[in-house]
Structure formats: C-alpha cells, structure tokens
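Student: I'd like to take a close look at just one part of this model. Could you pick a helix and walk me through what its residues are doing?

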Amino acid sequence: MNSLTAEALEKGKIAVELTPEEALALTGVKFNGNPEVTAEARRKIRKAFEKTFDFQYQDRLD
C-alpha cells in the first residue's frame, strides 16, 4: 500500500485530460464494447498523481 506525504496533500490540484467516455466510466457507467475505458482513465489519473506528488511506499501492510 502506498500513502501520500502531508506535504503532497498541501500542493493543491492535479489536472487530468479524459475523454467523455473515460469520465463516464469513472462514474460507474459500463462500456461492454470496450472494457479498457475504465482502466485507461485510471492509468491517466495514476500517472498524473505520480508526476505531481511524491509517493512513499510502505514495505509492510498496516
């Protein structure tokens, strides 16, 4: 599990550019014709977080 440092939380906002389908997929809409829509949206958000914030990885579970 990973956690954000307190300093990272104070930095503010991140911007992620999503397609309309990706935004809808994150709200729970299912795209049976393309199940990768949700996964791609999550990848974009994770990438934006990794660029903006420093992650501290924990070696053990809490």
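**A close look at helix H3**

Tutor: Read from start to end, the protein chain runs through the pattern β-α-α-α-β. In other words, its secondary structure comes to three helices and two strands. Keep in mind that this is a predicted model. The chain has 62 residues, of which 15% count as buried. Its accessible surface comes to about 5300 Å², and 52% of that belongs to carbon and sulfur atoms. Now for contacts: if you take those between residues at least 6 apart in sequence, 62% join residues at least 24 apart.

Let's zoom in on helix H3, which covers residues 36-52. A good warm-up is to check its length. Helix H3 has 17 residues, and at 1.5 Å a residue it should span 24 Å. The C-alpha atoms at its two ends are 24 Å apart, so the model agrees with the expected span.

Next, which residues of H3 are buried? They are Val 37, Thr 38, Ala 41 and Ala 48. If you look down the axis of H3, these buried residues fall within an arc of 100°, so they line one face of the helix. There's a handy rule behind this kind of pattern. An α-helix has 3.6 residues a turn, so residues three or four places apart point the same way. And what does the buried side of H3 pack against? Its buried residues pack against H2. On the face turned away from that buried side, you'll find the exposed residues Arg 42, Lys 47 and Lys 51.

Let's stay with the buried side a moment and take one residue from it. Ala 48 lies in helix H3, and its relative accessible area is 13%; it counts as buried because the cut-off is under 20%. Leaving out residues up to four places away in sequence, Ala 48 touches Ile 14, Ala 15 and Val 16. You can also compare Ala 48 with Glu 17: the two are 31 residues apart along the chain, while their C-alpha atoms are separated by 9.6 Å.

Now cross over to the helix that H3 packs against. Glu 22 sits in helix H2, which covers residues 20-26. Is Glu 22 buried or exposed? With a relative accessible area of 7%, Glu 22 is buried. Again not counting residues up to four places away in sequence, Glu 22 touches Glu 17, Val 37, Glu 40, Ala 41 and Lys 44. Two of those names, Val 37 and Ala 41, should ring a bell from the list of buried residues in H3.

Lys 44 deserves a second look too. The side chains of Lys 44 and Glu 22 meet in a salt bridge, with N and O 2.9 Å apart. This pair links distant parts of the chain, with Lys 44 in helix H3 and Glu 22 in helix H2, 22 residues apart. The partners have different surroundings: Lys 44 is partly exposed at a relative accessible area of 26%, whereas Glu 22 is buried at 7%.

How many salt bridges does a search of the whole structure find? It finds three. Beyond the Lys 44 and Glu 22 pair, we can follow the others through Arg 43, another residue of helix H3. Arg 43 forms a salt bridge with Glu 36, and their closest N and O atoms are 2.9 Å apart. Arg 43 is partly exposed, with a relative accessible area of 45%, and Glu 36 is partly exposed as well, at 43%.

Arg 43 also forms a salt bridge with Glu 40, where the closest N and O atoms are 3.2 Å apart. The contact between these two side chains counts as a polar contact of 3.2 Å too. Glu 40 and Arg 43 are three residues apart in helix H3, so about one helical turn separates them. Glu 40 is partly exposed, with 30% relative accessibility. Put these salt bridges together and their shared partners join Glu 36, Glu 40 and Arg 43 into one network.

So here's the picture to keep while you turn the model around. One face of H3 is lined by its buried residues, and those pack against H2. The face turned away carries Arg 42, Lys 47 and Lys 51. A salt bridge joins Lys 44 to Glu 22, and a network of salt bridges takes in Glu 36, Glu 40 and Arg 43.

Key
Residues are numbered from 1 along each chain as its sequence is written. This is a predicted model: local features need pLDDT of at least 70, side-chain atom pairs count only at pLDDT 80 or more; totals for chains, interfaces and linings use all residues. Side-chain values use heavy atoms; hydrogens and water are left out. Helices (H or I, at least four residues) and strands (E, at least two) are DSSP runs, numbered from the N terminus. Buried means under 20% relative accessible area, exposed over 50%, partly exposed in between (1.4 Å probe, protein chains only). Contact means heavy atoms within 4.5 Å. The expected span of a helix is 1.5 Å times one less than its number of residues. The arc is that of the directions from the helix axis to the C-beta atoms. Accessible areas come from the Shrake-Rupley method with a 1.4 Å probe; for residues, only the protein chains shown count as cover. A polar contact is a pair of N or O atoms within 3.5 Å; within protein, one must be able to donate a hydrogen and the other to accept it, and residues adjacent in sequence count only if both atoms are side-chain atoms. A salt bridge is a side-chain nitrogen of Lys or Arg within 4 Å of a carboxyl oxygen of Asp or Glu.
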